[in-house]
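Q: Could you take me on a close look at one part of this model, going through the packing of its helices and the pairing of its strands? I'd enjoy one connected account.

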Amino acid sequence: MYAAERQLFLTEMLERHGRVAVNEVAHHLKVSTETIRRDLTVLERAGTARRVHGGAVLSSAYSRIEPSLSQRTSERPDLKARIAAAALAFLPPAGGSVLLDGGSTVAHLVAALPADLRLTVLTHSVAIAHQLLGHEGIALHTIGGRVRDVTGVAVGQRTVETLASTRADVAFLGTNGITADHGFSTPDSDEAAVKRALVGSARTRVVLADSTKFGPHQVFSFADLDQVTVVVTDDGIRAQDRAMLHEAGVDVVVA
């Protein structure tokens, strides 16, 4: 298990139980107690955990923004992990640059990143940045702004302006809805503006979306279908939805 995967596991344990014990987790993961202590130190620096004797407790600051994100991360985890694994094929070569959106499937992608990966990564997601802390091969840059309580991502004019001066090889994005006439959409206007900027700041745009995202649409569109390079989804996608994407020139990868 990679460090990022252990730290995601520890974060999920903290969210579920409020605390973790070093000895118990080390035994469960079959690693040394010193390894778990180092992981907890990373999470403490990120503001996720607060170290206590024998383990750690969930940071009160982190718990204010994470419940909805952790709930989404726990929904259909096996399916999201498959989508994330398939999306790894679109990572740029060593030394390349990546933009990471917030969202549960993107979190699974981060957990699956190879330990020897060498990339520059930019993200506006607090949770994604937490996951990437301690990954030795990642040059991590956070994109600031006002952090939304519901999703834990930075939004607003500062965030959009920063992205406007950014050009990355690949952007990995989530979406709440996909339809022919409304494209890719999300329920919040501020998040839509940031996602729109992410799309405009990358040469290759990869959307990670399970098949339930097709059909329903949200209020705010952030990209037309033909503005996305590829959609990575699961085998529940309907034939007509796949045809819709192909007609728009979008590649479809089924995990």
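A: **Two helices and a small sheet**

Let's begin with the helices. Helix α9, residues 157-164, and helix α10, residues 189-200, have axes that come within 9 Å and cross at roughly 5 degrees. With that angle, α9 counts as roughly parallel to α10. From α9, the residues T159, V160 and L163 take part in the contact, and they meet A193, V194, A197 and L198 of α10. Sorted by character, the residues of this contact are six nonpolar and one polar, with no charged residue. This is a predicted model, so a word on confidence is due: the chain has a mean pLDDT of 88, and 92% of its residues reach 70 or more. The stretch to treat differently is residues 64-68, where the pLDDT is below 50; in the model this stretch has nine contacts beyond near neighbours in sequence. Where pLDDT is low, the predicted coordinates should not be read in detail.

From α10 we can step over to the sheet. Helix α10 lies across β11 and β13, and runs at about 10 degrees to β13. These two strands belong to an open sheet of three strands, ordered β10-β11-β13 and paired antiparallel. Strands β10 (177-179) and β13 (220-223) stand at the edges with a single partner strand each, so each has one side left without a neighbour in the sheet. From one strand to the next, the twist averages 40 degrees.

Now for the pairings themselves, starting with β10. A hairpin of three residues joins β10 to β11. Strand β11 covers residues 183-186, and its antiparallel pairing with β10 runs over three bridges. Two of the facing positions can be picked out on your screen: G177 stands opposite S185 in β11, and I178 stands opposite F184 in β11.

On to β13, the other partner of β11. The strands β11 and β13 run antiparallel and are joined by three bridges. F184 turns up again here, with A223 in β13 as its bridge partner. F184 of β11 is therefore a handy place to rest your eye, since it faces I178 and is bridged to A223 in β13.

To put the part together: α9 is roughly parallel to α10, α10 lies across β11 and β13, and β10 completes the order β10-β11-β13 as an edge strand.

How values were computed. Residues are numbered from 1 along each chain as its sequence is written. This is a predicted model: local features need pLDDT of at least 70, side-chain atom pairs count only at pLDDT 80 or more; totals for chains, interfaces and linings use all residues. Side-chain values use heavy atoms; hydrogens and water are left out. pLDDT is the predictor's confidence in each residue, from 0 to 100. Contact means heavy atoms within 4.5 Å. Axes are lines fitted to C-alpha atoms, for helices over the stretch in contact, and angles run from 0 to 180 degrees between N-to-C directions. Helices (H or I, at least four residues) and strands (E, at least two) are DSSP runs, numbered from the N terminus. Angles under 35 degrees count as roughly parallel, over 145 as roughly antiparallel, 65 to 115 as roughly perpendicular and the rest as oblique. Ala, Val, Leu, Ile, Met, Phe, Trp, Tyr, Cys and Pro count as nonpolar, Asp, Glu, Lys and Arg as charged, and the others, Gly among them, as polar. Two strands pair if DSSP finds at least two bridges between them.
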